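Morning, everyone. Please pull up the model on your screens, and we'll walk through it together.

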Number of protein chains: 2
Amino acid sequence: MKCNPYIAESAALIGDPARAGMLSVLMDGQARTATELAHIAGVSPQTASGHLAKLREGNLLAVERQGRHRYYRLASEKVAQALEALMVLSRDGPPRFRPPGPRDAQMRFARTCYDHLAGRLGVTLTDAFVDLGYLIGSAEEFTVTAAGEIAFDKFGLDLKELRRRKRSFARRCLDWSERRGHLGGALGAALFIQFQKTGWIKRQNDTRAVRLTRAGAHGLAQEFGIDVKLLGDGAA
Amino acid sequence: MKCNPYIAESAALIGDPARAGMLSVLMDGQARTATELAHIAGVSPQTASGHLAKLREGNLLAVERQGRHRYYRLASEKVAQALEALMVLSRDGPPRFRPPGPRDAQMRFARTCYDHLAGRLGVTLTDAFVDLGYLIGSAEEFTVTAAGEIAFDKFGLDLKELRRRKRSFARRCLDWSERRGHLGGALGAALFIQFQKTGWIKRQNDTRAVRLTRAGAHGLAQEFGIDVKLLGDGAA
DNA sequence: TCCATACTTCGGTTAATATCGAACTATGAA
DNA sequence: TTCATAGTTCGATATTAACCGAAGTATGGA
């Protein structure tokens with residue numbers, strides 16, 4: 001009863017440690033170049049190239065050429081779902097190594113996603129921008145309104161300069177813990193830097209977790225009308 | 001940045017054709033002996049024994065001894081979910097080799113997904129529950145409304161008892177053929193059992209396919225306002 | 001034009017593992 | 001006890017595929 005030999009193909013693709021590492025890191029919704037992924041997986045560029053070709057062939061990854069770079073991202077949300085399901089399995093089982101709780105909560109509250117802010121804080125902030133009429137969202141990216149131009153400018157961002165950069169300006173990035181879109185791209189990255197400069201947030205040492213300071217909580221309420229109390233655990 | 005080497009382990013286990021075959025056939029929730037599984041996977045008993053040991057070690061299978069037999073079954077619903085998620089992936093992509101076949105049509109119409117109902121029938125039923133105001137769906141699970149409590153109780157389900165169980169109560173399970181969510185969890189399983197008890201559905205021998213009886217068609221229309229004619233092929 | 005960078009393809013080596021034959025243990029029946 | 005069946009472990013073999021060095025293609029910039 002050779003029922004579904006097909007699932008073996010996809011599973012085998014995910015089953016290689018190097019490829020699993022690439023896929024895992026792409027779960028944050030960001031696209032990455034082949035070289036970045038090679039470094040992340042800890043293999044040589046030519047080995048990575050082989051892996052990436054297989055993942056593409058197996059419809060797990062999609063690729064987009066931009067100049068001499070090739071940006072790889074998960075082919076669809078379904079891929080992310082399958083990866084999630086496998087992560088759940090890996091958490092089961094014997095103790096192995098159960099990553100500790102508090103940091104996990106911190107990560108869900110706020111973390112870096114490549115170079116911008118993700119987690120509950122990132123999503124809430126993005127929602128607030130939309131509510132305030134600063135941003136208009138589409139499936140793949142955000143547009144800054146006239147009101148947004150003024151507000152971000154007042155906050156110390158140079159939008160004109162940001163637009164000149166090659167990378168996409170205000171990409172919608174999918175958050176895997178929140179399963180919601182949030183602001184990425186050049187604008188998201190610039191905001192993240194600005195938040196650090198003003199001391200509103202602090203990166204935790206050697207992790208992707210991000211902490212909101214007292215000044216940050218105050219500032220978010222003042223500037224963007226965000227009540228941090230509503231953000232729940234990890235906000236303190 | 002060795003993020004999640006864990007998922008590679010589980011995926012690699014599923015990634016072998018022989019093991020994938022065993023796992024696929026166990027998706028129907030039944031337990032099977034090592035020899036049966038060897039035959040299904042098309043390998044010798046000693047090879048199968050090795051595979052089964054690995055699957056057990058990896059917490060994908062659970063085993064129960066009965067006399068000189070060892071009955072293997074999926075270790076948990078989570079394993080079934082991961083397998084389904086991988087089936088969704090395998091369906092994507094280029095044609096490859098899509099075996100149509102009558103059995104396939106039956107499977108797409110209605111089948112067991114571990115211990116609950118999947119396929120077009122499962123999805124339609126779930127949709128009907130939502131339309132009738134019995135369930136409210138979110139990304140990961142369903143909530144039973146007051147109206148739903150009454151209806152399911154009338155149908156012979158003991159929701160209080162179901163809620164007491166450890167497993168999740170009303171999970172949304174993704175279907176590989178329909179690519180839609182349908183009702184799983186303790187509630188989904190209980191409904192499936194109830195449907196069998198009332199003689200509305202019958203399991204096909206040795207497959208995951210499920211047949212809707214004439215009484216079932218009538219009952220679905222009567223109780224839940226579902227017109228089976230709209231379900232297309234395989235309904236007869 | 002020339003060079004640097006990003007990425008790929010090719011070829012040979014090496015490590016991992018799926019496979020089965022043979023032999024072993026455990027259970028049930030005569 | 002003796003035999004048959006279910007399942008296992010062990011050892012040898014063969015296939016697969018991950019890996020990297022070397023060399024190739026494509027793009028961007030000077």
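Which element gives the largest share of the surface near DNA strand C? It's H4 of chain B, with four residues. Keep in mind that this is a predicted model.

Let's stay with strand C. There are 22 residues around it. The ones that come nearest are A:Thr35, A:Ser49, B:Gln46, B:His51 and B:Lys54. Now look at the DNA side. Of the strand C atoms within 4 Å of the protein, 72% are sugar and phosphate.

Which elements build that surface? Chain A brings helix H3 (34-41), helix H4 (45-57) and strand E3 (69-74). Chain B brings helix H2 (17-26) and helix H4 (45-57). Each of these supplies at least two residues. By class, the surface near strand C has five nonpolar, 10 polar and seven charged residues.

Now some individual contacts on strand C. Start with B:Gln46. One of its polar side-chain atoms lies 2.5 Å from a base nitrogen of strand C. Next, B:Arg68. An N or O atom of its side chain is 3.4 Å from a base oxygen of strand C. Then B:Lys54. Here the partner is a phosphate oxygen of strand C, 2.7 Å from a polar side-chain atom of the lysine.

On to DNA strand D. Which residues are closest to it? They are A:Gln46, A:His51, A:Lys54, B:Thr35 and B:Ser49, out of 22 that surround the strand. For strand D, sugar or phosphate holds 72% of the atoms within 4 Å of the protein, and bases hold the rest.

Three phosphate contacts are worth a look here. The side chain of B:Ser49 has an N or O atom 2.8 Å from a phosphate oxygen of strand D. For A:Ser44, a polar side-chain atom sits 3.0 Å from a phosphate oxygen of strand D. For A:Arg19, a side-chain N or O atom is 3.3 Å from a phosphate oxygen of that strand.

The elements giving two or more residues to the strand D surface are H4 of chain A, plus helix H3 (34-41), H4 and strand E3 (69-74) of chain B. H4 of chain A has the largest share, four residues. The classes near strand D are four nonpolar, 10 polar and eight charged.

Next, the sheets. Chain B first. How are its strands ordered? The order is E1-E3-E2, in an open sheet of three strands with antiparallel pairing. Strand E1 (32-33) and strand E2 (61-66) are the edges, and each pairs on one side only. E1 and E3 of chain B are joined antiparallel over two bridges. In one of those pairings, B:Arg32 has B:Tyr72 in E3 as its bridge partner. H2 of chain B packs on this sheet and touches E1, E2 and E3. The direction of H2 makes about 80° with that of E3.

Now chain A. Strand E1 (residues 32-33) pairs antiparallel with E3 over two bridges. Strand E2 (residues 61-66) runs antiparallel to E3 too, with six bridges. Find A:Tyr71 in E3. It is the bridge partner of A:Thr33, and A:Tyr71 is also the bridge partner of A:Glu64.

Last stop: the turn. How many residues lie between E2 and E3 of chain A in their hairpin? Two, and A:Gly67 in that turn has a positive phi of about 60°.

That's the tour. Over to you for discussion.

Conventions
Residues are numbered from 1 along each chain as its sequence is written. Chains are lettered from A and ligands numbered from 1 in the order in which they are written. This is a predicted model: local features need pLDDT of at least 70, side-chain atom pairs count only at pLDDT 80 or more; totals for chains, interfaces and linings use all residues. Side-chain values use heavy atoms; hydrogens and water are left out. A residue is near a molecule or strand if one of its heavy atoms lies within 4 Å of it. A polar contact is a pair of N or O atoms within 3.5 Å; within protein, one must be able to donate a hydrogen and the other to accept it, and residues adjacent in sequence count only if both atoms are side-chain atoms. Ala, Val, Leu, Ile, Met, Phe, Trp, Tyr, Cys and Pro count as nonpolar, Asp, Glu, Lys and Arg as charged, and the others, Gly among them, as polar. Two strands pair if DSSP finds at least two bridges between them. Contact means heavy atoms within 4.5 Å. Axes are lines fitted to C-alpha atoms, for helices over the stretch in contact, and angles run from 0 to 180 degrees between N-to-C directions.
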